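Visitor: Before we discuss anything, could you put the sequence and the structure in front of me?

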Amino acid sequence: MSVDPHALPPTPDRVCSQALAASVPTFPARGNLGDRLRQHRAESLERIRAFHAGGGPGLATARLVTAAADVSLGALWDVLAPLHKLQGAVLVGVGGTGRREMSPGSDWDLLLLHTGRGEVASFARAFSTALWDARVHLGWSVRTLTEASAAAREDTDFRTALLDARRIAGDGRL
């Protein structure tokens, strides 16, 4: 089940002002998905560079980079999740992505949590391929809730990354 990103609660101004988040370009509605993703990234990076060159502070720039990534990820989710009949899944930002502290060259640190319903493997493959084709540095894992829970008990790096976890797209009940 995909959640309308516009129905999500607004990002608090202390994290990223609504005006700043609103300055992120909209995701293109037409054309090949890969081309649309690359176009959005290029337009976003241009805006981010202009904001920073114009005196935008570093943390606000990091928030803007993250807001642009969130738009791309949400749009990608909205296109691919229904095609792969994905249900009971959520895309979670962890680490710097979760903290909204991304730079233009940052890895996009993501976790796909799922219940096993739908074509999870084909969704994960299509999702990651689209991002890699757009030259995104992707650090991510795909886990069931049980696998994530076990990994958090056994792996301190994973457990630490979860401290900054936030939902980007998908079923917020997970």
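Guide: Here is a predicted model, and a suitable place to begin is with two aromatic residues, Trp77 and Phe123, which are both buried.

Visitor: What geometry does the ring pair of Trp77 and Phe123 have?

Guide: A pair of aromatic rings is described by the distance of the centres and the angle of the planes. The pair is one of three aromatic pairs that the structure holds. For Trp77 and Phe123 the ring centres are 5.2 Å apart and the planes stand at 75°. Since planes over 60 degrees apart count as edge-to-face, the geometry of this pair is therefore edge-to-face.

Visitor: Which parts of the chain does this pair link, and how many residues apart are they?

Guide: The pair joins distant parts of the chain, with Trp77 placed in helix 3 and Phe123 in helix 5. Ring pairs also connect these two residues with Phe127 and Trp140 in a cluster. The parts linked are thus helix 3 and helix 5, and the separation of Trp77 and Phe123 along the chain is 46 residues.

Visitor: Which classes of residue make the contact of helix 3 with helix 5?

Guide: The two helices pack at an angle of about 140°, with their axes 11 Å apart, and their crossing is right-handed. Helix 3 brings Leu73, Leu76, Trp77, Leu80 and Ala81 to the contact, while helix 5 brings Phe123, Ala126, Phe127, Ala130 and Leu131. Sorted by class, this contact has no charged and no polar residues, and 10 that are nonpolar.

Visitor: Which helix gives the most to the largest nonpolar core?

Guide: That core has 37 residues, and those with the most contacts inside it are Trp77, Phe127 and Leu131. At least two residues come from each of several elements, including helix 2 (33-53), strand 2 (108-117) and helix 5 (120-133). With 12 residues, the element that gives the most to this core is helix 3.

Visitor: Is Lys85, with its positive phi, buried or exposed?

Guide: Most residues other than glycine have a negative phi, and most peptide bonds are trans. Lys85, in the loop between helix 3 and strand 1, has a phi near 50°. As its relative accessibility is 52% and the cut-off is over 50%, Lys85 counts as exposed.

Visitor: Where does Arg135 lie?

Guide: Arg135 also has a positive phi, of about 70°, although it is not a glycine. At 67% relative accessibility, Arg135 counts as exposed. Its place is in the loop between helix 5 and strand 3 (138-144).

Notes: Residues are numbered from 1 along each chain as its sequence is written. This is a predicted model: local features need pLDDT of at least 70, side-chain atom pairs count only at pLDDT 80 or more; totals for chains, interfaces and linings use all residues. Side-chain values use heavy atoms; hydrogens and water are left out. A nonpolar core is a set of buried Ala, Val, Leu, Ile, Met, Phe, Trp, Tyr and Cys residues joined through side-chain atoms within 4.5 Å. Buried means under 20% relative accessible area, exposed over 50%, partly exposed in between (1.4 Å probe, protein chains only). Helices (H or I, at least four residues) and strands (E, at least two) are DSSP runs, numbered from the N terminus. Axes are lines fitted to C-alpha atoms, for helices over the stretch in contact, and angles run from 0 to 180 degrees between N-to-C directions. A crossing is left-handed if the near helix is turned anticlockwise from the far one by less than a right angle, and right-handed if clockwise. Contact means heavy atoms within 4.5 Å. Ala, Val, Leu, Ile, Met, Phe, Trp, Tyr, Cys and Pro count as nonpolar, Asp, Glu, Lys and Arg as charged, and the others, Gly among them, as polar. Rings of Phe, Tyr and Trp (its six-membered ring) pair if their centres lie within 6.5 Å; planes under 30 degrees apart count as stacked, over 60 as edge-to-face and the rest as tilted.
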